[in-house]
Amino acid sequence: MDDTTRTVLGEEGSAAVDKTMADLADLASFVNSASDGGQSPRKLFDAVRLLLIIQEAEFRTGTGVGRQQGLRNRFREQYGRDPMVDVGGLLGTADRLSLISRDWTVQLTSKGSRLLGTLFRVILDWHGFHQKSDLEQLIYQSQRELEMADAYENYGYQADSLPRALAFLERGYRDLQSRLREYILEGLAMDQISALIANYDRLQEAIAAKRVEGYELTLPIIERLERSKAAALRTAYEGMEGVLAHSTGRVRAEMSLINKTRFYTYLQQQFATGELADLAGRAGDVALPVSIAAYPSARQLEESIAETLGRTYLPGASQLPGVELSVSAEGRLDEEDYAFDEDLRPYVDRILEAVGVRKTRESSILALQPSWSEALMVAVGVGELVTKEHLRVAAAGETYQEERFELVGDLTLARREEDRHGEAP
Amino acid sequence: MARRHNPRYDLALRALLCGTSSGRPTTRARVEQLVGDSDLDGFLAYTRSCVLSRYFTVVEDGHYLTLSLASRELLQEDSPVSGEMLAVFLFIWKWHQDNAMPVAQGTVVEHFVGASRSASRSVRRAIDQLAALKWIDEVTGTQGRTWVPTRSGTGAMGQRFLALVVESSQGRPFSTREVLDFFGVSTPSGSTHVPPLTLFDTPAGHARYDRALRRIIVGTATGRPPTLAAVARITGDPDTTGLAQYAATLGLDRFFRLAVHDRYLLALVEASELYSQNVAPVRATALTLAAYTWYLEEFHGRPVRYDQVEPLFVDRVAKPLRQVALAVGVLARRGWVKQPRGRKVFSLTPTGRECLGRALGLRPQDDHREALREFAEIHFAGFCVHEEDGHS
């Protein structure tokens, strides 16, 4: 906006500003008092009505109203009931704030008349806003801002009406965008779209008029307006498409020989009877999503169990390259020559080294390498020592199986320097 | 000329065949990942020409891919779709078609609220179930939940079913075209619409084998696989050799295998590759529960109670029994276990046993009991107590 425009907010310590704020505070004080601190808006409504009765009497007769009782009687005559607000208290407050003068009659002061006028205009304005449905309020408010712009800006005040009108329009089209289907369904879409676009046009006209009058509007607001209007037009286009589809759907439905109401009623009647499921069974052509069972590999199953039970699973253990299965100087376990007679601890160490961990569970290794499993099982079964005799028994089968299944729980294999190996609790 | 196969497409089809661990349809993104292509046109064309299209229909609705099958048996016996769900779906579909608007949940509830005392709750449940099937999709609205029918949903409604519903509601039959127009389903003009094949009307020379295969597929999907005798009655063969040869000739082995468990015939998918691709049809918890259940059934008898398997989860999850219930639910949906309604017991189905047996690499001639004992001692150490010998 032009710098020459007056702005109230820029004034510091001016007497006019102080008086303006004092008036506002008085008005607020009156509103606060009449509505019991905002708790009883209806009392405020009656209070405004009482002040308007005083004003009306002045307009008609040039005199005031006959004090408290006269005011109450006028109210009762006009609205058919007693006012909800305490008339005496109201007059006291108004008197304290210099809104009225009390003599033989009660009259509005010029300050009271001015503040009541403002109050009444606010009431009318907000009533107009709240009478609109929630779908229409934003566009109404934008329109109102534009209408009010002239009232202030023609007097040289910077009221920021145009940016505020634009902000409301932007909110309006966003609202239209997000609730487009609702608007279409309510039959309000076309009205809203045309009101929205008309308001954009009006705003542009207002800006053009300001330019003609010599006001130089800043570039950002013009750019913002153009961007916003383009977006609103896109939304309007989508809205019109939706309206068309909506109407086409309705027309198609109306043209059908099949009675829609009967169809809907039938669905309602058969909802809980199971009739539709029977019909589906009879027809046999309702396609249902199905899945057939699938199985994983052994390793995946074992991994799953280990994962669920919080145990360590060593997937690489079965593929260890070049692992020497025995450290026996006399022979190899996997060649089954049974020609050694020694403690298997070095063998466990060897496994751990090959696996690359310092500690593991026996089960994760046993499942992968049967020959290790046999050696370890036997080792545990005989107290960590393997003798030729025990291995011969193991090779024989049955006895070995007995021993094998007597193992309790899982075994923890650990490095020699830690705790060697032992049974898990 | 021999038909070319695409292993990636076949893998994606296997993923669709065995479903997801969540029970929801496979997402388009997941299929794109398996196929290795963000454009699924080729894959969808492949599915239409693939042998699986004899039994299943692949429906793609922009977000999900669903494999569906039309079967009287499935609808009449173990249908995942209730009459209430069908009523609600038809209402949403028709209302949406009439108004070209998403249907507010309140509108649906209002329509059915007079149908029964608890209609409001039933409608909400039906809507949730339809949403889980992806027959309807929620649309973000400012005033509560709103729904639109999906292509999967409208595509699932067969013409015969729609015609029957219209006939019942109007008191007289209407032509197919009128019915389809009523629901806003477009049909190519000038062409005769061929309704999809169903279980009992497959033409061609090998109809009996196709019927047997459908019977096996549906039976496996519902946890009630047919017996060898039942299959023999359908095929007219004394054994399954002819059926197996027919399945092999069609190339069905690329997608699922026919398996015999006890006296039952099953269709099973070998899913190890899917597990490695992080597409698990059954997750770790449910797999563990199934394996332990098998052990318990073998050594302690069936059915298995919730509290028997609860120790697997004690100290591992906050609510072990809830975990058991969830895992049993997953297994039941996958056809691995069956559970009497309202009771906290369950038992493995032949499908579940065969899946576990196959996972463990057991052959029919193997001593399953002994192998299971050994497996349980290794993997369920600390949880195993054999009743007959008292060893733990």
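In this predicted model, the secondary structure of chain A comprises 18 helices and 9 strands. Chain A has 425 residues, of which 30% are buried. Among the contacts in chain A with a separation of 6 or more, 58% join residues that lie 24 or more positions apart.

The confidence of the prediction should be considered before any detail is examined. For chain A the mean pLDDT is 71, and 64% of the residues reach 70 or more. Two stretches of this chain call for caution. Over residues 316-342 of chain A the pLDDT stays under 50, and the model has 38 contacts beyond four places in sequence for this stretch. Residues 416-425 of chain A also have a pLDDT below 50, with 20 contacts in the model beyond near neighbours in sequence. Where pLDDT is low, the predicted coordinates should not be read in detail.

A helix pair in chain A may be considered next. Two packed helices are described by the angle between their axes and the distance between the axes. Helix α2 of chain A spans residues 41-61, and helix α3 of chain A spans residues 67-79. These two helices pack at an angle of about 105 degrees, and their axes are 10 Å apart. Because angles of 65 to 115 degrees count as roughly perpendicular, α2(A) and α3(A) are described as roughly perpendicular to each other. On the side of α2(A), the contact is made by A:Arg49, A:Leu50, A:Ile53 and A:Ile54; α3(A) contributes A:Leu71, A:Arg74, A:Phe75 and A:Gln78. By character, the residues of this contact divide into 5 nonpolar, 1 polar and 2 charged.

Chain B offers a sheet to follow strand by strand. Here 3 strands form an open sheet in the order β4-β6-β5, and the pairing is antiparallel. The strands β4 (103-104) and β5 (136-139) of chain B stand at the edges; each has a single partner strand, so one side of each is left without a neighbour in the sheet.

The pairings can be traced through β6 of chain B, which covers residues 146-149. Strand β5(B) is joined to β6(B) by 4 bridges, and the two run antiparallel. Within this pairing, B:Ile136 stands opposite B:Pro149 in β6(B), while B:Glu138 has B:Trp147 as its bridge partner. Strand β4(B) is joined to β6(B) by 2 bridges, again in an antiparallel arrangement. There, B:Val103 stands opposite B:Trp147 of β6(B). B:Trp147 is thus the bridge partner of B:Glu138 and also stands opposite B:Val103.

Conventions. Residues are numbered from 1 along each chain as its sequence is written. Chains are lettered from A and ligands numbered from 1 in the order in which they are written. This is a predicted model: local features need pLDDT of at least 70, side-chain atom pairs count only at pLDDT 80 or more; totals for chains, interfaces and linings use all residues. Two strands pair if DSSP finds at least two bridges between them. Axes are lines fitted to C-alpha atoms, for helices over the stretch in contact, and angles run from 0 to 180 degrees between N-to-C directions. Angles under 35 degrees count as roughly parallel, over 145 as roughly antiparallel, 65 to 115 as roughly perpendicular and the rest as oblique. Two residues are in contact if their C-beta atoms, placed from the backbone, lie within 7 Å. Ala, Val, Leu, Ile, Met, Phe, Trp, Tyr, Cys and Pro count as nonpolar, Asp, Glu, Lys and Arg as charged, and the others, Gly among them, as polar. pLDDT is the predictor's confidence in each residue, from 0 to 100. A residue is buried if 20 or more other C-beta atoms lie within 10 Å of its own, exposed if 12 or fewer, and partly exposed in between; C-beta atoms are placed from the backbone.
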